[in-house]
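Here are a few exercises to work through with the model open in your viewer. Try each one before reading its solution.

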Amino acid sequence: MASFEHDFPFDPAYGRTLQDLLDVPAPAAPDDFDAFWQARYEEARKVATEPELGPLEEERDGVRIHGVTFTSVGGLRLGGWVALPAEGPAEYGFVIGHGYGGRDEPGPDVPLPLPRAAAILPCVRGMGSRGLHPGIPDVSAAHVLHGIESRDTYVIGDCVADLWCAASALGELVPELAPGEGGPRLGYLGESFGGGLGALALPWDDRFGAGQLTVPTFGNHPLRLTLPCIGSGEAVREYRQGHPEVTEVLPYFDAATAATRLETPTLVAAALFDPSVPPPGQFAVHNALAGEHELLVLNAGHFEHEGTAAEVAGLRAARQRFFGERLGRRA
């Protein structure tokens, strides 16, 4: 059990040891869980994403970084960034999700996990400087409740679709990565919010050959509803007190439940102490994975401590090795 000096009115380790966390299960799926997500995926794959590459904004770490816009489900035009190899064709491709703070720049997601790689770093609807959209809140506590009254209107489902459409846009912009051209399968990286979205997105999309989820959210909603935190889960927990019917919607958006369908090789970095995303939910995602998977245990997530820099460096090295081994295999 990790312990740090803190001012939170609750224990961000939730009294659980590593062994306790490794025993956290995934909730059972609704009967039509697979059909629901397969239909959402097929809808997203029909979207003409019509990506437009903007001018060069930055060059560093072996890539040229451009702005990009593309169309997602519902006809929404979203933005983000694309990183292209500074020299030569792309040999690897990545879709990189963001946390619940959104994304205002490529930031530390560049350098990419592998050399000679291309990547799209989308802002999902409502989040980040290039995902803003009228009517969709841009603050996590409100965003996570947007459309939550129904599984068909909940914004989280559309955010997952935004990642699928981003993958389609990358395939159009970098033809050597397109599945129909015999290109390599993609990698996915997501942290926190992006980790939860990745767990929901990857089971249905065979364009991806490996995924890496860091401190993933949305794992084991029934348990999350009992755990106080300072992240988006607290907004859902408070909402449920006045709207108990939300427990009929949340099972469709449970990252741990989705992980029981996730056979793509996956590296999970889960924390023992995390005030924003309760560790039991993070480990529930890892524990449920159906396919080849690895676990990297972090002492803390969403919390700066003496060992933060070393843990970030260790995660970067593990990520490079993991994707190098998995994406080197041609489908």
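**Exercise 1.** Work out where alanine 270 sits and which residues it touches beyond its sequence neighbours.

*Solution.* Start with the secondary structure: alanine 270 is found in strand S8. Keep in mind that this is a predicted model. Next, check accessibility: alanine 270 comes out at 0% relative accessibility, so it counts as buried, the cut-off being under 20%. Now list the contacts, skipping neighbours within four places in sequence: Gln282, Phe283, Leu295, Leu296, Val297 and Leu298. Finally, try a distance: glycine 190 is 80 residues away in sequence, and the two C-alpha atoms are 12 Å apart.

**Exercise 2.** Decide whether aspartate 274 is buried or exposed, and find its contacts.

*Solution.* Aspartate 274 belongs to the loop between S8 and H9. Its relative accessibility is 0%, so aspartate 274 is buried. Once neighbours within four places in sequence are set aside, its contacts are Pro12, Tyr14, Val215, Pro279, Gln282, Gly301 and His302. For a C-alpha check, take glycine 231: it is 43 residues away along the chain, at a separation of 9.7 Å.

**Exercise 3.** Check the length of helix H2 against the expected helical rise, then find which side of H2 is covered.

*Solution.* H2 runs over residues 33-45, which is 13 residues. With 1.5 Å a residue, the span should be 18 Å, and the end C-alpha atoms are 19 Å apart, so the two agree. Now pick out the buried residues in H2: Phe33, Phe36, Trp37, Arg40, Tyr41 and Ala44. These cover an arc of only 130° around the axis, which means they lie on the same side of H2. The spacing fits a general rule: an α-helix has 3.6 residues a turn, so residues three or four places apart point the same way. What does that side pack against? The partners of the buried H2 residues are helix H4 (155-173), helix H5 (193-201) and helix H8 (255-259).

**Exercise 4.** Run the length test on H4, and see what H4 gives to the largest nonpolar core.

*Solution.* H4 has 19 residues, so it should span 27 Å; the end C-alpha atoms lie 26 Å apart, which agrees. As for burial, 17 of the 19 residues are buried, so to speak mostly covered. Turn to the largest nonpolar core, which holds 78 residues; Trp37, Val95, Ile120, Ile156, Trp164, Phe193 and Leu197 have the most contacts inside it. H4 supplies the largest share of this core, 12 residues. Zoom in on isoleucine 156: leaving out neighbours within four places in sequence, it is in contact with Tyr100, Phe193, Leu197, Leu200, Phe218 and Phe253. Another core, of 21 residues, lies apart from the largest one and includes Trp81, Tyr92, Phe94 and Ile96.

**Exercise 5.** Find how many aromatic pairs the structure has, and classify the pair of phenylalanine 4 and phenylalanine 273.

*Solution.* The whole-structure search gives 19 aromatic pairs. For phenylalanine 4 and phenylalanine 273, the centres are 5.0 Å apart and the planes make an angle of 70°, so with a cut-off of over 60 degrees the pair is edge-to-face. The pair joins distant parts of the chain, 269 residues apart: phenylalanine 4 is in the segment before helix H1 (18-22), and phenylalanine 273 is in the loop between S8 and H9. Phenylalanine 4 is partly exposed at 22%, whereas phenylalanine 273 is buried at 1%.

How values were computed:
Residues are numbered from 1 along each chain as its sequence is written. This is a predicted model: local features need pLDDT of at least 70, side-chain atom pairs count only at pLDDT 80 or more; totals for chains, interfaces and linings use all residues. Side-chain values use heavy atoms; hydrogens and water are left out. Helices (H or I, at least four residues) and strands (E, at least two) are DSSP runs, numbered from the N terminus. The expected span of a helix is 1.5 Å times one less than its number of residues. Buried means under 20% relative accessible area, exposed over 50%, partly exposed in between (1.4 Å probe, protein chains only). The arc is that of the directions from the helix axis to the C-beta atoms. Contact means heavy atoms within 4.5 Å. A nonpolar core is a set of buried Ala, Val, Leu, Ile, Met, Phe, Trp, Tyr and Cys residues joined through side-chain atoms within 4.5 Å. Rings of Phe, Tyr and Trp (its six-membered ring) pair if their centres lie within 6.5 Å; planes under 30 degrees apart count as stacked, over 60 as edge-to-face and the rest as tilted.
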